[in-house]
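Dear colleague,

I am passing the structure on to you with this message, and below it I have set out what turned up when its charged side chains were examined.

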Amino acid sequence: FDAEMEMNGSSEVYGASFSLAQEPDAFRGRYDKEQAFRGSISELNMWDFVLDTKNISDLAACKKHEKGNIISWDIDNFILYNVTATTIDDVKAFCIPEEKIFVFPEQMFKADAVDLCKTHGGYLYAPRNEK
């Protein structure tokens, strides 16, 4: 193999790999198990161009979901070693829902307010007494 070509990147590289979550201690290998990544990674995508600020903002805000053209997140695209893979049915699970606060001007008992909020799929911000 041509090390210079592999290090600079090329669509003609044969036998190259992309290591994720740990850097090798030598070119082409030698990983230290004590340095292994412990955590979760999902929706890893890589493009061969720089995304503009609007695209990055839209991706972060879950306004769009775009796959990379170099690396596209799909569990079948990766070889996993000592990893537990979990399928996420909808990538919107990674998005923080927009919170909406409704104020009801009528005074009511706490139990009634909790029931009203639950009925509408929300939760209660209220003083800590029963009235």
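What does lysine 64 count as in terms of relative accessibility: buried, partly exposed or exposed? At 28% relative accessibility, lysine 64 counts as partly exposed, and I should add at once that this is a predicted model, as are the contacts described here. The partner of lysine 64 in a salt bridge is glutamate 66, with 3.2 Å between the closest N and O atoms, and glutamate 66 is likewise partly exposed, at 26% relative accessibility.

Over the whole structure, the search finds 3 salt bridges. Another of them joins lysine 54 to aspartate 58, where the N to O distance is 3.0 Å; both residues belong to helix α2 and are 4 residues apart, about one turn of the helix. Lysine 54 is exposed, its relative accessible area being 55%, whereas aspartate 58 is buried, because its value of 11% falls under the 20% cut-off.

There is also a salt bridge between glutamate 43 and lysine 67, whose closest N and O atoms lie 3.7 Å apart. This pair links distant parts of the chain, for glutamate 43 sits in the loop between α1 (3–8) and α2 (53–60), while lysine 67 sits in the loop between α2 and α3 (110–119), 24 residues apart. Glutamate 43 counts as partly exposed at 23% relative accessibility, and lysine 67 counts as partly exposed at 35%.

With kind regards

Methods: Residues are numbered from 1 along each chain as its sequence is written. This is a predicted model: local features need pLDDT of at least 70, side-chain atom pairs count only at pLDDT 80 or more; totals for chains, interfaces and linings use all residues. Side-chain values use heavy atoms; hydrogens and water are left out. A salt bridge is a side-chain nitrogen of Lys or Arg within 4 Å of a carboxyl oxygen of Asp or Glu. Helices (H or I, at least four residues) and strands (E, at least two) are DSSP runs, numbered from the N terminus. Buried means under 20% relative accessible area, exposed over 50%, partly exposed in between (1.4 Å probe, protein chains only).
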